[in-house]
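This note sets out, in numbered points, how the chain shown below is put together. It is written for a colleague who has not met the structure before.

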Amino acid sequence: MGEIRYLANRDFWKDDVLDQIVAAARANAGLWLMVKERAMEMRALKSELGPMEGDTSDMGRPFPARLTPTIAELTEEFVSTMFGSCPPEMLSRAQTALLLAAESELDADTAQPI
């Protein structure tokens with residue numbers, strides 16, 4: 001599994017720290033698969049909820065079940081394992097970076113001919 005062994009200044013706000021988190025997550029195949037599943041889930045929810053804007057005819061329909069653990073929980077556990085405690089704002093930035101990287105990879109996978 002990829003890990004960050006040393007961050008001298010623990011400056012969580014630098015973009016290279018986010019790059020390290022994404023690289024370490026990609027190196028952990030099981031975690032990366034779960035991140036990509038959450039990215040696909042977000043896409044599905046957006047497409048499901050998109051047409052409903054302004055349409056009240058489906059208001060009684062149950063909301064789709066979410067995958068567990070959530071992307072927030074995955075991110076928190078992963079980043080906490082690597083850094084120990086970190087500010088909630090960093091967790092949010094790491095979550096966004098992971099989802100963007102996963103979406104980018106999913107887009108690249110679908111663009112390649114089979």
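1. Two residues are taken to be in contact when heavy atoms of theirs lie within 4.5 Å. On that basis, among contacts in the protein chain with a separation of 6 or more, 76% join residues 24 or more positions apart. The model under review is a predicted one.

2. Overall make-up. The protein chain contains four helices and zero strands, and its pattern along the sequence reads α-α-α-α. Of its 114 residues, 32% are buried. The protein chain exposes about 7400 Å², of which carbon and sulfur atoms supply 56%.

3. The nonpolar core. Which elements give two or more residues to the largest nonpolar core? This core has 26 residues, and the members that touch the most others are I21, W32, V35, F78, V79 and L98. Two or more residues come from each of α1 (15–27), α2 (29–49), α3 (71–83) and α4. Helix α4 provides the largest share, with nine residues.

4. Helix α4. This helix covers residues 88–111, 24 residues in total, and spans 35 Å from its first C-alpha to its last, close to the 34 Å expected at 1.5 Å a residue. Its buried residues are M90, L91, A94, A97, L98, L99, A101, A102 and L106. As background to such a list, residues three or four places apart in an α-helix point the same way, because the helix has 3.6 residues a turn.

5. The surroundings of W32. With residues up to four places away in sequence left out, W32 touches A25, R26, L98, A101, A102 and E105. Three of these neighbours can be followed further in the points above and below: L98 is among the core members with the most contacts to other members, while R26 and E105 are partners in a salt bridge.

6. The R26–E105 salt bridge. The whole structure holds four salt bridges. In one of them the side chains of R26 and E105 meet at 3.5 Å, N to O. Because R26 belongs to helix α1 and E105 to helix α4, this pair ties together parts that are 79 residues apart in sequence. R26 is partly exposed, at 41% relative accessibility, and E105 is also partly exposed, at 22%.

7. The E105–K36 salt bridge. Where does the second partner of E105 lie, and is that residue buried or exposed? The side chains of E105 and K36 meet in a salt bridge of 2.9 Å, N to O. E105 is in helix α4 and K36 in helix α2, so the pair ties together parts that are 69 residues apart in sequence. K36 has a relative accessible area of 15% and is therefore buried, the cut-off for that class being under 20%.

8. The R38–E37 salt bridge and the network. R38 forms a salt bridge with E37, in which the closest N and O atoms are 3.2 Å apart. R38 counts as buried at 3% relative accessibility, whereas E37 counts as partly exposed at 33%. Through salt bridges that share partners, R26, K36 and E105 are joined into one network.

Terms used:
Residues numbered from 1 in each chain as written. Predicted model: local features only at pLDDT ≥ 70, side-chain atom pairs only at ≥ 80, totals over all residues. Heavy atoms only, no water. Buried < 20%, exposed > 50% of the residue type's maximum accessible area, 1.4 Å probe, protein only. Areas by Shrake-Rupley, 256 points an atom, 1.4 Å probe, with all protein chains shown as cover. Expected span 1.5 Å × (residues − 1). Core = buried A, V, L, I, M, F, W, Y, C linked by side-chain atoms within 4.5 Å.
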